Structures are given as C-alpha cells and as structure tokens.
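Let's take a look at how aromatic rings meet each other, and where charged side chains come into the picture. Here is the structure to explore.

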Amino acid sequence: MIPRIHKRGTRTLGLLYYLYGPGSHEEHIDPHLVAAWDSLAPDPGRDPQATYADLQRLLDQPVDALTRSRRPAKHVWHLSVRAAPEDPVLSDEQWGEIARRMVAATGIAPDGDDAGCRWAAVRHADDHIHIIATLVREDGRRPRLQNDAGRAQAEARLVEADYGLKRLNTGDGTAAQRPTSAERHKAERQQRERTAREELREAVRRAVAGARGEREFFDRLGAAGVLVRRRIAPSGDVLGYTVALPDDRNKDGEPVFYSGTKLAPDLSLPRIRERWSADPDQATGAAPGREPRTGAAGPADARRRATTAAWRAMLIIDRGDDASVAAQIAAAGEVLDALAKTSAAHTRVQLREAAFAFERASRSHVRAERGHDRALRQAARDLVYSRPALGRGEDGATTAMLIDMAFFLVAAAAHWHGKKQHTQQAAAARQAAEHLRAAYRAAAGPPMAALHQRGRHLSQPLQRRHAATLRTALPHLAEQVLAETGWYALAATLADAEAAGHDPATLLTEAAARRELTTAESISDVLVWRLRRMADLPADPSATPSVGQNTPKQPASHAARPAGARTDRRRGRR
C-alpha cells in the first residue's frame, strides 16, 4: 500500500472538481465518498441534490471562521493511498476504515479528538482513494503534521499486515522521486516505455559513469542528445544543471527541464563532484576533442579488468567498514550502467533493467567515502571508452564472465543492505540480481556450450583425473558439481589451466576459498569463470588449444596458444 502526500493547495473546490471529475484520461469511474469527518457530509457523486460547492463550504468552514491574517497560506491537504497491483479489490467499507486510520496517524484527525480537521475520502477507482482535508481544526488551531509522510508510511505497513496485503519495504528517504501520475499518463500517450524523468535519470547516470570531471560529464550528456542548462554564478562557477529530452514539451511547446536533485538525491552537481574529489587526476576531465586514455585495448580487455575490480570490491563489501562499502556499492552502479550501455543487443535489455533496479540500491544514509571506489570507477570508464562489445568470441565470453561476477557483487550488496535493515535497497539489489541471471544465461550460452563440447571429448583418463582432483580440492561440493551439466565445461577449463602450467587443485581450492559458492545457480559455471580469470585463460574456448581430445589431432596455431602453454603427451594428449 503506497500513501503519497501531495503538495498543499489553496483551492478546496478545485481539488474536489478533479476528484469527482472524469480524470485527465477518463479514468475516474463512479467517484463517491467512502468516509468523511461527518457521516452526514454531502456526497456529490451519489446524491444528485448535493453539489461540489456544498461539500467545499463545509470543509472550509473552520478556515473561513478565522480572520484572513490567521488563515494558512495553503490550507488544502491531499493524501492518496494506492493498493499494490497484486492486492485484492477492497470494499468501500474497507477503504473507509483505511482512510480513518490514515487521518488519525498523520495528525489530521487523531483518534478521540473531536476538534480535529475536516476531511473527506473519495474513491474513483478500484485500487486507490484520495483524502482531502483543510488545515484548520474545529478549535481554530493548526494540526500537528510533523513527519506526516513518514507516519502515513508507517500506518500503511500496519494496514498491509491487518488486511493481508502485499508487504512493501519501508523507505529511508533516499529513494529517487517517483514519476507523477501526469508524467506516467504523458509517457503512455507518447508510447514511451518510461517517463521522461526516468529516461533522464538513466542518461545522467550513464554520463557520470567513470567520468573524470564536469567537462567530460556535460560533454557526454550532450553527446547522448540531452538538452543541458547550467546554472552559472556571477563568478563564472557552475552551481548546478538541469536536463530535458528534446521531444518532451509542456503545453507551451517548451522543453521540460529537471534538476539533478529531482532525478535522484545523488545526481545533484555537488554530490556528483564528490565522486571526483578523491582523485586529483580526475578534477578537470578529458581535454576537448580527445578520448580519455583508459589502458583498455578493447571490450574484452575492459571486461576482464572490470571483472577483477568487481571481485576485489566484493571482498571489501564482505569485510570493509561501512563508508568503504557504501562507496563500492555506489561505484558498482556505475559499472552496471556502463555495461548496459556497451553490451550486445541480446543482453542489453536485461542489463539495462539490472542497472535501473540497482539504482535504488546505490544509495543509503551511510555516506560513501570516496577514493575507495577508484578501481570500480576506472572499470566503468574502461567499459565506456572501449568499443561496443560483440555478442560472440572473446567479447561475448568476457561479457558472460563479467556478468557472472557482477551477480555476486550485487548479491553481496543485497546481503550488506539486509544486515543494515535497508529494506528497499536490499530488495532492489535482489531484483537487479535476477535480471543479471537472465542476462548471464543469454551471454553464457555459446561459450559454455563450446566448453561443454570440449569437455565431453576429453579422453576418459583425463576426465577421471580431473574428477578426482575436484573431489580432493572440494570434497563437500564435488558430487554436486559432477552432477551439473556444466561439469564438462569445468573439466575443459581444468585441462586448459593445466596445459598453461597451473596446478588445477590449487586453483580450485583458491577459487572456492575466496567466497562461498552455495548461492550460485550453477557452481560449475562460477568455477569456470573464476578459474579462467585466475589462470589468465581466454574466456572464449575457441582461442584455447585443445587438450586431451579424443578426436584426431588438428594442426595447432601457436598464435592462439596462451603464453606459457605447453604440450604434455604424458597427460593424455593424443
């Protein structure tokens, strides 16, 4: 159940016209009262003799009884209460009781107080009601409405429990502002998947991902096709910014601009600057017309670097102090934004949804200590400035490797938020993890299938030897791994690692010891990517020479063999 307190107003009659009217899109059905301060209050929706003016005059009587100098400047209070889509349709009696609980909890009309404010609850749809109240009590005093939004949320959690409704997570005031109903209706009319506010939030987050300064940040926004206005002080300093979509216009045909704060609390210019302040080299941004040097040769290299950075960040989240963890989680959001922007089409939708969901998890009341997030922010930068990845070959395989690691990074963030009782952030991280699972399945299909085939064609002695190694290194997980379809891919990876001069048992032990594996959907898949990263093996199996195959030996290209690779006929190679 979602209560929302709207901006206070000055015209009681104007709001009543809206609540009882057809709505902006003819969506209001059978508007009528479900409860009011007085059971005899007129209902213009059901009583043909009652008028909007009748109800307005009664609601405004305590206000009109005061001299003009004592009246509140804005005396109309407005609360909407909406059920979740999964909730059953409630009766008028149930909505009436919910309305009485809300006005009592917020201080409009406390229980047992006969001198409370006048109010009325109007229902014009199955799933929500609107409560209108005037902010002068019957005794002429003002109501005590401190933290009325928080008290409405707390009461909503109790209502959910009492009525068996969907239990929503309690917020902490750090969430981005939700789109208004007008913005949602406008998006529907324009057949947009998301509102302009949400599209701009995504565009700004992508522009800031890995950026090194204001110049680069604003250049990226402009390159993305976003209209940007900067607020300049008399000294010439930039104080803030607003952004708009070129085709999002108001009734006068002018672009609708949003400030960074209106998009999300951490997208104001001062908060964005905090990301750059910890690194002196990131203060000025890239020179105009020049692409920043990142050290990444291409998308595969960038994804490998990001995988390593994500692994290290995950260890900090597991063991670090709160300020360092908050910085890692915020920077993880930048990596997801950059990954969604640069990945191939078959993974882009799920990665975009993962980044969109994780945005809520990237903020909490724990203030991030910038500087600790440098590696992840550099990883995001590498991703942005490498060319867009292909969905095949080493690009596609390293994308699967990074998504696999990102899943565990996001899961670690969800666990940390859960321990801190950040319920909304934990839920958002879990939602992002599910989208990453879907993206992983799409990305990992071809490389894992190729590894599976190579593993099945390993000689039987080599398969048995690697199975024995697995049982020795991971006795508590070995039988589960051997029963998974991914076992053959792991066997092929163990053979590749051994051919490259590594000890498979040592690699397995180290890979499993660094972090638990039991939450993985496929332990063998996780081990494949950890081992290939740790052993510096190509993620794409076609770039690795075949080892121990039961097929006739083919001429091998020495250029395709990793540095340090060697042929050992005594290990079953034919």
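Searching the whole structure turns up 7 aromatic pairs. Keep in mind that this is a predicted model.

One of those pairs is Phe-217 with Tyr-241, which meet edge-to-face, with 5.6 Å from centre to centre and 85 degrees between the planes. Phe-217 belongs to helix 7 (residues 214-223) and Tyr-241 to strand 7 (residues 238-244), so this contact ties together parts that sit 24 residues apart in sequence.

Phe-217 also pairs with Trp-276: the ring centres are 6.4 Å apart and the planes are at 55 degrees, so this pair counts as tilted. Here helix 7, which holds Phe-217, is joined to helix 9 (residues 269-277), which holds Trp-276, so the pair ties together parts 59 residues apart in sequence.

Are these rings buried or exposed? The table has the values.

| Residue | Relative accessible area | Status |
|---|---|---|
| Phe-217 | 0% | buried |
| Tyr-241 | 4% | buried |
| Trp-276 | 5% | buried |

Each of them counts as buried because the cut-off is under 20% relative accessible area. Zooming out a little, ring pairs link Phe-217, Tyr-241 and Trp-276, along with Phe-218, into a cluster.

Now for the charges. Which ring does Arg-194 lie over? That would be Phe-356, with Arg-194 over its face at 3.8 Å from the ring centre. Arg-456 has its charged end over the ring of Tyr-488, 5.0 Å from the centre of that ring.

Methods. Residues numbered from 1 in each chain as written. Predicted model: local features only at pLDDT ≥ 70, side-chain atom pairs only at ≥ 80, totals over all residues. Heavy atoms only, no water. Phe/Tyr/Trp six-rings, centres within 6.5 Å; stacked < 30°, edge-to-face > 60°. Helix = DSSP H or I, 4+ residues; strand = E, 2+ residues; numbered from the N terminus. Buried < 20%, exposed > 50% of the residue type's maximum accessible area, 1.4 Å probe, protein only. Lys NZ or Arg CZ within 6 Å of the ring centre and 35° of its normal.
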